[in-house]
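Grab a pencil and work through these exercises with the structure open beside you. Try each task before you read its solution.

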Amino acid sequence: MLIVGLGVRDANTQTPTVAPCRIGQQAPAIGFWTWAANAQVKVYVVSTDFKTPEIPYLLKALENWNSASDLTGSGVKFEYAGNTPQLLSCENCLTVRRGSVFDKANRHATELKAYSARHDQIISYASITIDPKLTNPKAILDAVAHELGHNFGLLDCYTCKKKSTLMNQFKVINVPNDMAVPTACDIAQVRQAYKELKVRVRPSPPNRNLIDEGEEPVDDDTPIVIPKP
Ligand SMILES: [Zn+2]
């Protein structure tokens, strides 16, 4: 179950206040790749890359984001479309496969790659690659849920408090962090990302690996330009 805007009553005013989602503390910054609003994303799995019992964990990560679709306002839904022998480049297609992607610097054992036909932040097709080092199915679930966060516009938040976001750093490879469901702050940020998409679309984001370890992307304060009708 998802609880949004944890209602905390202020003792003095008796007006409900919402638990804060401060960027860099409880909430990841936005500005990354995003599926188009209301996209029906077809998800293909290179099933020969995975052990049969691993597949339900991949699907669970998709389901967890599907359940948050209305709350985030993205309208994006993932639909499992079965097996593929290779990476697919069809519109709104996501391929999940195995490959050597482990990055010592940011301790990611998974990688999201996105492609935009329009050279902007809107994804045409994407892939999630899972390193063979990642064998614990729960750790796979957590890692895929994190990567899916990236394709809803969320950036990593290594300074965020534990359990506040899916976008935290993985401390130990192949050990679950028990974070597979978008948090209230993740939902709030994705909501913001899709609100912003209605007024402006950013250019394709730079390669995430260019962000130094520990360095948090700064809050983008570029003024929002509302295009003339
Ligand atoms: Zn990440």
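**Exercise 1.** In this predicted model, work out which residues hold the zinc ion and how its donors are spaced along the chain.

*Solution.* Start with the spacing: the donors of the zinc ion follow H-x37-H-x3-H-x5-D. Now put names to the letters: His108, His146 and His150 each use NE2, while Asp156 uses OD. Those atoms sit at 2.0 to 2.1 Å from the zinc ion.

**Exercise 2.** Decide why the arrangement around the zinc ion is called irregular.

*Solution.* First, look at the angles: the four donor atoms subtend 91 to 144°. Next, recall that a tetrahedral site needs all angles between 85 and 135 degrees. The upper end of the range breaks that limit, so the arrangement counts as irregular.

**Exercise 3.** Find where His146 and Asp156 lie, and say whether they are buried or exposed.

*Solution.* His146 belongs to helix 3 (residues 137-150). Asp156 is in the loop between strand 9 (152-154) and helix 4 (184-197). The pair therefore ties together parts that are ten residues apart in sequence. As for burial, both His146 and Asp156 are buried.

**Exercise 4.** Describe how helix 1 (residues 55-67) packs on helix 3.

*Solution.* Step one is the geometry: the helices pack at about 40°, and their axes are 8 Å apart. That angle makes helix 1 oblique to helix 3. Step two is the handedness: helix 1 passes helix 3 in a right-handed crossing. Step three is the contact: helix 1 contributes residues including Tyr57, Leu58 and Trp65, and helix 3 contributes residues including Ile140, Val144 and Leu148.

Definitions and conventions: Residues are numbered from 1 along each chain as its sequence is written. This is a predicted model: local features need pLDDT of at least 70, side-chain atom pairs count only at pLDDT 80 or more; totals for chains, interfaces and linings use all residues. Side-chain values use heavy atoms; hydrogens and water are left out. Donors are N, O and S atoms within 2.8 Å of the metal (3.2 Å for Na, K and Ca); water is not among the atoms, so sites may look incomplete. Four donors count as tetrahedral if all angles lie between 85 and 135 degrees; four count as square planar and six as octahedral if opposite donors are over 155 degrees apart and all others between 65 and 115; anything else is irregular. Helices (H or I, at least four residues) and strands (E, at least two) are DSSP runs, numbered from the N terminus. Buried means under 20% relative accessible area, exposed over 50%, partly exposed in between (1.4 Å probe, protein chains only). Axes are lines fitted to C-alpha atoms, for helices over the stretch in contact, and angles run from 0 to 180 degrees between N-to-C directions. Angles under 35 degrees count as roughly parallel, over 145 as roughly antiparallel, 65 to 115 as roughly perpendicular and the rest as oblique. A crossing is left-handed if the near helix is turned anticlockwise from the far one by less than a right angle, and right-handed if clockwise. Contact means heavy atoms within 4.5 Å.
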